[in-house]
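Trainee: Hi! Could you walk me through this one before I set anything up?
Mentor: Happy to, let's have a look together.
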Amino acid sequence: MSLKIYIGGKLYDKADAKISVYDHGLLYGDGVFEGIRAYAGKVFRMADHVDRLYDSAKAIHLVIPMSKAEMAEAINSTIKVNNLSDAYVRLVVTRGAGSLGLDPRRTSDPQVIIIADSISLYPAELYETGLKIVTAGTMRNHPGALNPRIKSLNYLNNILAKIEGTNAGCLEALMLNHKGEIAECTGDNIFIIKHGEVHTPSIDSGILEGITRDAVIEIARSIGLQVTERIMDRHDVYTADECFLTGTAAEVIPVVECDARPIGDGTPGPITKDLLKRFHQIAREG
Ligand code: PXG
């Protein structure tokens, strides 16, 4: 059976799921998105994802043509109609089709697209052995240009950073903000462990406020770990005892090397492994 894609309230076979080439989402990257997971048929942190989507839309003056409750219902029914239980949902809201020219007033009919499928970001063995990362020269968006808290359809600088990483033989790249401080990786937030405490860049480091990041902070605090959100620099990563990344697609993945320096003893650390295990448990329990 072909995958069914939701567009504007209707379901289409994957091959027939199309939007206009005049859509400003395509012409200008004018739109917002979310990446959401479902475990055992239940969406993980649905309300947080829907809230962030509407916040991103508001920030770009985009009115989503349905309520949050209707959006949550559309996400659930798209997963269900495809008979998926563990799923990755890619939700996109575009500005809609219009005439050529930047002005959003030339568009009408924002498109809500929901793809329920699966995703595998990194090879499974890297969850055991850990990722190597390098710092990219391409920096994260300047908050005064496009605030990184907006999950917009403009991911080109993250894509350029990702290419820098893969060109250097690493599957992920570390992005700095315009001040040279640690921001995040191209689609994941970053954490380090030092002396048994957890540290992660604060929101004002110019990052996306990751929902997996929030979940991991809660899990860490619930087991008595000290978690500090702060300004961090590369020295903090190089000298960390442990490091890991979080994201909806990546979940929790250890990092064992940064810029050719082994992190800790160069293998995934015990706190990272524990948090990874607990995250999987909590995600599956709902
Ligand atoms: N930072 C950035 C820049 C992201 O895009 C995260 C952190 C992690 O946030 P969450 O809320 O997922 O814990 C993201 C997540 C996709 C896709 O194609 C989306 C992301 C990452 C990778 C792929 O759907 N966004």
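Mentor: Let's start with a strand pair: E13 and strand E14 (residues 251-258) run antiparallel and share 5 bridges. Helices (H or I, at least four residues) and strands (E, at least two) are DSSP runs, numbered from the N terminus, and two strands pair if DSSP finds at least two bridges between them.
Trainee: And what should I keep in mind about the model?
Mentor: It is a predicted model, where local features need pLDDT of at least 70 and side-chain atom pairs count only at pLDDT 80 or more, while totals for chains, interfaces and linings use all residues. Residues are numbered from 1 along each chain as its sequence is written, and side-chain values use heavy atoms, with hydrogens and water left out.
Trainee: Got it. How many residues lie in the hairpin between E13 and E14?
Mentor: The hairpin connects them through 3 residues. Gly247 has Glu251 in E14 as its bridge partner.
Trainee: Which strand does E13 pair with through Ile192 and Cys243?
Mentor: That is strand E10 (residues 189-194), antiparallel to E13 with 5 bridges. Ile192 faces Cys243 of E13, and Ile190 stands opposite Leu245.
Trainee: Is E13 enclosed or open?
Mentor: Largely enclosed by the rest of the structure, because 6 of its 6 residues are buried. Buried means under 20% relative accessible area, exposed over 50%, and partly exposed in between (1.4 Å probe, protein chains only).
Trainee: Which way do the residues of E13 point?
Mentor: Glu242, Phe244 and Thr246 point one way, and Cys243, Leu245 and Gly247 the other. In a regular strand, side chains alternate between the two faces of the sheet.
Trainee: A glutamate in there? What is the nearest side chain of opposite charge to Glu242?
Mentor: Lys273, 8.7 Å away, and Glu242 is buried with no salt bridge. A salt bridge here is a side-chain nitrogen of Lys or Arg within 4 Å of a carboxyl oxygen of Asp or Glu. For charge, Lys and Arg count as positive and Asp and Glu as negative, with His and the chain ends not counted.
Trainee: So what lies around Glu242?
Mentor: A polar atom of its side chain is 3.2 Å from the backbone nitrogen of Ile271. Beyond neighbours within four places in sequence, the contacts of Glu242 (heavy atoms within 4.5 Å) include Phe191, Ile193, Ile263 and Pro270.
Trainee: Back to E10, what else does it pair with?
Mentor: Strand E11 (residues 197-201), antiparallel, with 3 bridges. Ile192 stands opposite His199 there. E10 and E11 make a hairpin with 2 residues between them, and His195 in the turn has a positive phi of about 50 degrees.
Trainee: New topic: what order do the strands of the open sheet take?
Mentor: The 6 strands run E2-E1-E6-E5-E3-E4, with antiparallel pairing. Strand E2 (10-13) and strand E4 (42-43) are at the edges with a single partner strand each, so one side of each has no neighbour in the sheet.
Trainee: Which helix packs on that sheet?
Mentor: Helix H3 (residues 68-81), touching strands that include E1, E2 and E4; its direction makes about 35 degrees with that of E6. For that angle, axes are lines fitted to C-alpha atoms, for helices over the stretch in contact, and angles run from 0 to 180 degrees between N-to-C directions.
Trainee: Is Ile75 buried or exposed?
Mentor: Buried, because its relative accessibility is 0%. Ile75 lies in helix H3, and its contacts outside four places in sequence include Ile36, Val43, Leu91 and Ile114.

Methods
Polar contact = N/O pair within 3.5 Å; in protein donor to acceptor, adjacent residues only side chain to side chain.
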